[in-house]
Amino acid sequence: MKYSVLAVAHKLRLLLIYLVLSMASHLVLPSDAANPPTIITLWWMMSWVVVPFTLLDVVVVKGGQLLGTMYQQVPRKSVYFLVGHFAVAFACVWLFFMAYTSFAGFASRLMPDGLNALVALNILSVSIYATALGLTLVSWLFVLGVRKERWPKVVAVVSVSVALYLLAFHVGPGVLALGELFLSPAFSLPEGYAPVTGDLVLHTPWAQTRAHLTQTIAILLLQGCILTYLLSGRFDVA
């Protein structure tokens, strides 16, 4: 866990700086004023630069490095590595969403009523959901790593496929909600353009948001079981 945190320390600092700048933007871009499209465009582009530099590396690349944990000289239970990786990945995802949604130009559309308890719960729900999607990709890396044993690979492929299907169509906010959250500011970049309903993503009703959280956490537990099984050391992994 210590080395996992150190490995992404500079990315955590980047996300913290990004969050601070987003908060500070309210001093120069009041949410009730017409925001300059140029500044909004630059911030939206910067957000998409931050995504591959932080989230993909932290969630997928660092997650794929868990593949080497079963060959340690001092074996440790895989659950510790999985919990550590999830904690680091979730922290990065949550920091990114907090920074992205708190930027003044986006907050006026994504959070027209300001940051309240419902919005905060929805940001948490979306963050856990995005982390679960990333962990599905990590699970696929392990599936591809299983070379020789047939049945372990069959079990892993079926389990990961079920998790991916549920995340895509039945569990949590959904991939369409993620797309709406990211693309809504882009649609509002042109002056006077009516935005898509991006504010609905962070204003999902309480009961539905709690259901999303419960469903996503259940899928995370399923993914944890899959990864624990693949890290059990019972079969060869390339």
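Student: Let's start with one ring: is Phe-182 buried or exposed?

Tutor: Phe-182 counts as buried, at 14% relative accessibility. Buried means under 20% relative accessible area, exposed over 50%, and partly exposed lies in between (1.4 Å probe, protein chains only). Keep in mind that this is a predicted model, where local features need pLDDT of at least 70, side-chain atom pairs count only at pLDDT 80 or more, and totals for chains, interfaces and linings use all residues. Residues are numbered from 1 along each chain as its sequence is written, and side-chain values use heavy atoms, leaving out hydrogens and water.

Student: How many aromatic pairs are there?

Tutor: A pair of aromatic rings is described by the distance of the centres and the angle of the planes. Here, rings of Phe, Tyr and Trp (its six-membered ring) pair if their centres lie within 6.5 Å; planes under 30 degrees apart are stacked, over 60 edge-to-face, and the rest tilted. By this rule the count comes to 14 aromatic pairs. Take Trp-48 and Phe-182: the ring centres are 5.1 Å apart and the planes stand at 45 degrees, so the pair is tilted.

Student: Which parts of the chain does the pair of Trp-48 and Phe-182 link?

Tutor: Trp-48 is in helix 3 (residues 37–64) and Phe-182 in helix 8 (residues 175–187), 134 residues apart. Helices here are DSSP runs (H or I, at least four residues), numbered from the N terminus. Trp-48 is partly exposed, with a relative accessible area of 37%. Phe-182 also forms a tilted pair with Tyr-100, at 5.2 Å centre to centre and 55 degrees between the planes. Because Tyr-100 lies in helix 4 (residues 78–102) and Phe-182 in helix 8, this pair ties together parts 82 residues apart in sequence. Tyr-100 and Phe-182 are both buried. Ring pairs join Trp-48, Tyr-100 and Phe-182 into a cluster whose members include Tyr-18, Trp-43 and Phe-96.

Student: Now for charges. How many salt bridges are there?

Tutor: Side chains of opposite charge can pair when their charged atoms come close. The cut-off used is a side-chain nitrogen of Lys or Arg within 4 Å of a carboxyl oxygen of Asp or Glu, and the count comes to two salt bridges. In one, Asp-57 meets Lys-11, with the closest N and O atoms 3.2 Å apart. Asp-57 lies in helix 3 and Lys-11 in helix 2 (residues 9–24), so the bridge ties together parts 46 residues apart in sequence. Lys-11 is buried at 7% relative accessibility, and Asp-57 is buried at 18%. Asp-57 also bridges to Lys-62 at 3.0 Å, N to O, which links Lys-11, Asp-57 and Lys-62 in a network.

Student: Over which ring face does Lys-11 lie?

Tutor: Lys-11 lies over the face of Phe-53, at 5.2 Å from the ring centre. A charge sits over a ring if NZ of Lys or CZ of Arg is within 6 Å of the ring centre and within 35 degrees of the ring normal.

Student: Last one: how far does helix 9 reach from its first C-alpha to its last?

Tutor: Helix 9 (residues 206–230) has 25 residues and reaches 36 Å, close to the 36 Å expected; the expected span is 1.5 Å times one less than the number of residues. Its buried residues include Thr-209, His-212, Leu-213 and Thr-216. An α-helix has 3.6 residues a turn, so residues three or four places apart point the same way. Leu-222 is in helix 9 too, and is partly exposed, with a relative accessible area of 30%.

Note on methods. Helix = DSSP H or I, 4+ residues; strand = E, 2+ residues; numbered from the N terminus.
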